[in-house]
Structures are given as C-alpha cells and as structure tokens.
Amino acid sequence: MKSLVALAVVLAFLALGDRWAVLYAENVAAQQVQKALKLHAEPEVHIDSVPFVGQVLAGTVDHVEVNVPDVDAGPASVAQVKGTVDGVRIVGSLPSSVKGAVLSRVRGDVVLDFKDLNREVGASQIHLTPGPGKNTVLAGGDVPVGGKHAQIRGRAQLRRVGDRGLRMTVEDTRVVVPGLLTYVPGKGGGLQLTAPVADKLDEGELQQATGKHVRPQDMMKGRVLDTLVDHPSLLEPTGIDPSLVQGLQKLREPKVAQRMEFSAQLPDDLPGDMRLRGISVTKNGIRAHLTGKDVPVG
C-alpha cells in the first residue's frame, strides 16, 4: 500500500510538471504569434499533446490549436483566424540549440466579417448579406431619393483566384423605385421608366421638349434622365414628383457605383506551401479554408 501511495504521488508530480510545461509553452507561443502578426492582444494557443515533455524530448509535438481574433489586414480586418497544426518537428537540439520548427500539416479558416466588408465599400450604399443559395452573396440596400424610398440592387460574385486569393465583385448596380423607374449609374446607364408610367407620357410634349420625334416607349430605354430634369412638366401625367428625378441626377459615384471590387491575397512571403483551398459563405461573413505542409517557423 505504501508503494502504491508513493507511486501515485510521483505520477501526480510528473503530471503537474508536464502541465506546467504545456502552459509555459502555450504562453511563449502566444507571445511569438502576437509579435509576428503585430496583434493588439495575445491569441489563444492550445497544445493538445500528452505527455508533452516526452514529445518535446523526442523532437515532435502532435497537435496544436491557435485562435487569433481580429487581425489587421489593411482596409478590412480579418475577424478571426483559427488553425490547427499536426506534427510540429523541432529543429535543433534541446534544450539550448533549438533553431525553430517545421509544421508538418497546417489547416485553418480565415473569416472576413460582412461588417468589415461593408465598411470597405462604405462609400456606397450597398450592403452585403448572405444569399439564398449555397455560397452566394446578396448586394443591396435602401436609399432616400427625393422623398421616396428607393432600393439599391446589385449582383455579387465571389470566386477564388488561383491558390492564394479571392475576389468579390458587385456589378450591375441599379436604383429601383418599384412600379415607377430604374436608374443605372455610370457610363452607358441612365433612367428607365416602367411601361405603365411611360404610356402616360404625352408624345406631342415629348417632341416639343426634345426637338425630335420621341415615342413614350423610348423612355423605357434609358438616357432620358436629363430630358426629364430639364422638362419636369413631362412628368405631370405620370404623377411622379420632379424632385425624385432631380434626386436621381445627384446619385453619382462613389455613392452609387455601377461596379465595385474587393480582393484579398495571401502574402507572398508566407513560409512553406500555404494555399487557399475553398471559400464558403456563412451568416456572419466569408470563410476561406487554408492548408499548408512543411511550413518552417523561426
């Protein structure tokens, strides 16, 4: 019985020492990650390797998890970086000649929050939200125009660029007043009236205002904004307030841009074989999945 008690005490001290070594290693690793990424706060590092001291002495640590919140990455910050490492091979001899390590297998997720992306396109009234389909993004919003409630609609596309980048574009942006008109900003755009509204226009007044023969149906083809601004009386039969059309004339880029683009790229100086493997859309943002192998760290 005394022998069993003594053995239990020894094992308890060994377990305590192993746990202390794990905590020390996690703290040092967190400090190094914070320094390398210039973070405001230390990340969370969890070493899931038992017995830790034995694995260190053998030169390989089985499993490490890292959670880095809010990484500053330029105009838009990265909301979260979560990664796991399987197989950390220590380079050099313990305890005084450790030169670094090699991460055999790295897996991670980088999350770009929609709030940050919306700040990136903050000059526009466009807001990005998850789409109804798998891995789709909606681009839309609301904007007051001439006392009316107008809608901004756009088509968003999200795609991977090679093995190291992603690109999101918002195209075909337009302002819509349901049942009345559609305004497309930028070159080649213009104002388009809906068919019921265009049919109410007086053809004779159109010809007198423009100096040429214009049919009401032509007002559905765009490029009629300036004509209606210069001749607001044309709108009287339609019931449209001229201030609405005047407000549309003031909607210029960048407040309503016809096309916007956001791109992100893995740094060229990342060590090892780090690649972007997939992109998905969640309720909170865009998630990029990263993998790597044989990644050296100093």
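1. R275 has a relative accessible area of 28% and is therefore classed as partly exposed, a value taken, like every other in this note, from a predicted model. The side chain of R275 meets that of D163 in a salt bridge, with 2.6 Å from N to O. R275 belongs to strand β12 (residues 273-281), whereas D163 sits in the loop between β7 (148-161) and β8 (165-177), so the pair ties together parts that are 112 residues apart in sequence. D163, at 30% relative accessibility, also counts as partly exposed.

2. R275 has a further partner in D273, and in this salt bridge the closest N and O atoms are 2.8 Å apart. D273 is partly exposed, its relative accessibility being 26%. Through shared partners, the salt bridges join D163, D273 and R275 into one network. As general background to such pairs, side chains of opposite charge can pair when their charged atoms come close.

3. The search of the whole structure finds five salt bridges, and one that deserves a separate look is the pair formed by D86 and R107, whose closest N and O atoms are 2.7 Å apart. D86 is placed in strand β3 (residues 78-93) and R107 in strand β4, so this salt bridge ties together parts that are 21 residues apart in sequence. D86 is partly exposed at a relative accessible area of 21%, and because buried means under 20%, that value falls on the partly exposed side of the cut-off. R107, with 29%, is likewise partly exposed.

4. Strand β4, which spans residues 97-113, also holds V111. V111 counts as buried, given its relative accessibility of 8%. Where V111 and V281 are concerned, 170 residues separate the two in sequence, while their C-alpha atoms are 9.5 Å apart in space. Residue 281 is also the last position in the range given for strand β12 (residues 273-281), the strand in which R275 lies.

5. For helix α1, which runs over residues 2-37, the residue to consider is A21. Is A21 buried or exposed? A21 counts as buried, because its relative accessibility is 14%, and the cut-off for that class is under 20%. When neighbours within four places in sequence are left aside, A21 is in contact with F52 and V53. From A21 to F52 there are 31 residues in sequence, and the C-alpha to C-alpha distance between them is 7.5 Å.

6. On the surface, D202, E203, E205 and E236 form a negative patch. E236 is found in the loop between α6 (225-230) and α7 (242-249). This residue is exposed, with 64% relative accessible area, and that class applies because the value is over 50%.

7. Taken as a whole, the chain has seven helices and 13 strands. Of its 298 residues, 38% count as buried, and the accessible surface comes to about 17100 Å², with 54% of that area belonging to carbon and sulfur atoms. Among contacts in the chain with a separation of 6 or more, those between residues 24 or more positions apart account for 49%.

How values were computed: Residues are numbered from 1 along each chain as its sequence is written. This is a predicted model: local features need pLDDT of at least 70, side-chain atom pairs count only at pLDDT 80 or more; totals for chains, interfaces and linings use all residues. Side-chain values use heavy atoms; hydrogens and water are left out. Patches are made of residues with over 30% relative accessible area and no salt bridge: like charges are joined within 9 Å, nonpolar side chains (Val, Leu, Ile, Met, Phe, Trp, Tyr) within 5 Å. Accessible areas come from the Shrake-Rupley method with a 1.4 Å probe; for residues, only the protein chains shown count as cover. A salt bridge is a side-chain nitrogen of Lys or Arg within 4 Å of a carboxyl oxygen of Asp or Glu. Lys and Arg count as positive and Asp and Glu as negative; His and the chain ends are not counted. The place of a charge is taken as NZ of Lys, CZ of Arg, CG of Asp or CD of Glu. Helices (H or I, at least four residues) and strands (E, at least two) are DSSP runs, numbered from the N terminus. Buried means under 20% relative accessible area, exposed over 50%, partly exposed in between (1.4 Å probe, protein chains only). Contact means heavy atoms within 4.5 Å.
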